Amino acid sequence: MPFHGLSARLQEIRERLDAARERGGHGQSVRIVAVTKTHGPEAVEAAVACGVDDVGENKVQEALGKMEAVTVPVRWHLIGHLQRNKAKAATRFAMVHGVDSPRLADALARAAGEAGCTLDVLVQVNVAEEASKSGVAMHEVPALADHLVALPSLRVRGAMTMAPYEAPEAELRRCFAGARAARATLQAAGHVHADELSMGMSGDYEVAVEEGATLVRLGTILFGARGE
Ligand SMILES: *Cc1c(COP(=O)(O)O)cnc(C)c1O
């Protein structure tokens, strides 16, 4: 059986999530987004068999191929940087995590309008302002929040961030708290459905949950190293 031990790992992670949630005191519920990028459709099916409802992919083409192959119902999350020319395909996802510019928002809104759907999106914030990462800087969040108010085919569900890799805990916390503040800014701008915080990966998910994460995006810890 592929992904041997996945069920036991998920069990342990769920216990750790619960404990982190207790410690953090934010009172949120937390869902695991199983990041299946670079793995085949069997990774998606293995995760679903273990009770996971949400799957994350960072490349549109790769995800569309897996959508064709996977027959079980699953919520597909697009977690990576998205180019505007892929906006149409992005409407195939349950949630798009990487909205990081007014122009991308416009393209997604147009695509969702043409598809006759309302698309759930998250605003990606680059709290630490790392050059290697996508996302708007914290000071750009209010303007993007206001811009999104005028795009009714997008339903703003909250904020997403990636913390610096293997950063000290204090820096992780600062980054995750920044995403939480960005979500508050979205709510203050009138986005009443902005209740999600997508943050935390294999190396930092417990700190993220302590800081209020509602969606943790886990790849390596579930499926092993990707060999990228
Ligand atoms: C790959 C990826 C993840 C998962 O990372 P792991 O460290 O393997 O858990 C999470 N979020 C994004 C945006 C990713 O691209």
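This note covers the ligand site and the salt bridges of a predicted model.

1. Basis. In this predicted model, local features need pLDDT of at least 70 and side-chain atom pairs count only at pLDDT 80 or more, whereas totals for chains, interfaces and linings use all residues. Residues are numbered from 1 along each chain as its sequence is written, and side-chain values use heavy atoms, with hydrogens and water left out.

2. Ligand shell. The residues around the ligand (a heavy atom within 4 Å of it) include Val35, Lys37, Ile79, Met160, Arg217, Gly219 and Thr220. The shell divides into six nonpolar, three polar and three charged residues, with Gly counted as polar.

3. Polar contacts. Three pairs meet the criterion of N or O atoms within 3.5 Å. A side-chain N or O atom of Thr220 is 2.5 Å from a ligand oxygen. A backbone N or O atom of Gly219 lies 2.8 Å from an oxygen of the ligand, and a polar side-chain atom of Arg217 lies 2.8 Å from a ligand nitrogen. Of the 390 Å² of accessible area that the ligand has on its own, the protein covers 91% (Shrake-Rupley method, 1.4 Å probe).

4. Salt bridges. The count is 18, taking a side-chain nitrogen of Lys or Arg within 4 Å of a carboxyl oxygen of Asp or Glu. One of them joins Arg75 to Asp54, with the closest N and O atoms 2.8 Å apart. This pair links strand 3 (residues 75–78) with strand 2 (residues 54–57), the two residues being 21 apart in the chain; strands are DSSP runs of E, at least two residues, numbered from the N terminus.

Definitions and conventions
A polar contact is a pair of N or O atoms within 3.5 Å; within protein, one must be able to donate a hydrogen and the other to accept it, and residues adjacent in sequence count only if both atoms are side-chain atoms. Helices (H or I, at least four residues) and strands (E, at least two) are DSSP runs, numbered from the N terminus.
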